[in-house]
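User: I'm in my first year and still learning to read protein models. Please pick one part of this structure and take me through it slowly, explaining the terms as you go.

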Amino acid sequence: MIIRKAVITDLPRLAELFFQLGYPNTIADLEQRWDEFNSRDADCWVAVDDGAAIGVVTQNYVLPLNTTAQYAVISAFVVDEKIRRSGAGTALIRRAEQEAVARCCSHTELSSSMRRPLAHLFYEHYGFVEVPKRYVREYFARARENRQTPE
């Protein structure tokens, strides 16, 4: 298994992986956002085994005006549900952590749905600590009912 930067030809597989997280993106959706994502201060890495992407992590970097150090935010992290516990998740998190440390980030944050208790165990095993109380105000509802599978 290798960890490498995602490339545009990975998008069909990324759509499938993001769908497993509950984000119903089509390939066209991802293609439309690809250039903008890559122009940001962000990274997307994939774990590849036998030529196929089996996991993905996206990490964004934030430098608020009120702090002296930037921090990392993992916005998506998933390993294919058929092969979890293969070491791909650990390898992806390590790669994201290496980049955060190299950039002198103060910490890494991530959010995880309450419906993913096994993921929570993984994060805690890796050293993440739950920090309660996060407030979110959504402006756009996800169109789950309109999108069933990646195209």
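Analyst: Let's take a close look at strand 2 and the parts around it.

Before we start, note that this is a predicted model, in which local features need pLDDT of at least 70 and side-chain atom pairs count only at pLDDT 80 or more, while totals for chains, interfaces and linings use all residues. Residues are numbered from 1 along each chain as its sequence is written, and side-chain values use heavy atoms, with hydrogens and water left out.

Find residues 42–49 in your view: they make up strand 2. Strands, like helices, are DSSP runs numbered from the N terminus; a strand (E) needs at least two residues and a helix (H or I) at least four. What share of strand 2 is buried? The count is 7 of its 8 residues, so the rest of the structure largely encloses this strand. Here, buried means under 20% relative accessible area, exposed means over 50%, and partly exposed lies in between, using a 1.4 Å probe and protein chains only.

Now look at the strands that pair with strand 2. Two strands count as paired if DSSP finds at least two bridges between them. Strand 1, residues 2–5, pairs with strand 2 in the antiparallel sense over 4 bridges. To see one of them, start at R4 and look across to V46, its bridge partner in strand 2. Strand 3, residues 52–62, is also antiparallel to strand 2, and these two pair over 8 bridges. This time, start at C44 and find T58, its bridge partner in strand 3.

Follow the chain from strand 2 into strand 3 and you will trace a hairpin, with 2 residues between the strands. In that turn, D50 has a positive phi of about 50 degrees.

Next, zoom in on one residue of strand 2 itself, D43. Is D43 buried or exposed? D43 is buried, because its relative accessible area is 6%. Its side chain makes a polar contact of 2.6 Å with the side chain of Y61. A polar contact is a pair of N or O atoms within 3.5 Å; within protein, one atom must be able to donate a hydrogen and the other to accept it, and residues adjacent in sequence count only if both atoms are side-chain atoms. Contact in the general sense, or touching, means heavy atoms within 4.5 Å. Leaving out residues up to four places away in sequence, D43 touches K5, F37, V57, T58, Q59, Y61, E99 and R103. You have already met T58, the bridge partner of C44.

As you compare side chains along a strand, keep this general rule in mind: in a regular strand, they alternate between the two faces of the sheet.

V46 and R4 bring us to another aspartate, D10. Where does D10 sit? You will find D10 in the loop between strand 1 and helix 1, which spans 11–20. D10 is buried too, with a relative accessible area of 8%. The side chains of D10 and R4 make a polar contact at 2.7 Å. With residues up to four places away in sequence set aside, D10 touches R4, K5 and V46. R4 and V46 are the bridge partners you found between strand 1 and strand 2.

Moving along the chain from D10, we come to helix 1. Its buried residues are L11, L14, A15, L17 and F18. They pack against strand 2, and also against helix 2 (27–39), strand 3 and strand 4. Just after helix 1, G22 takes a positive phi of about 100 degrees.

Finally, let's step outward from strand 3 to strand 4. These two pair in the antiparallel sense over 8 bridges, and N60 has V73 of strand 4 as its bridge partner. Strand 4 is mostly covered, with 7 of its 9 residues buried. Strand 4 also pairs with strand 5, residues 108–110, over 3 bridges, and here the sense is parallel. In strand 5, the bridge partner of V73 is E109. To retrace the route, go from R4 to V46, then from C44 to T58, from N60 to V73, and from V73 to E109.
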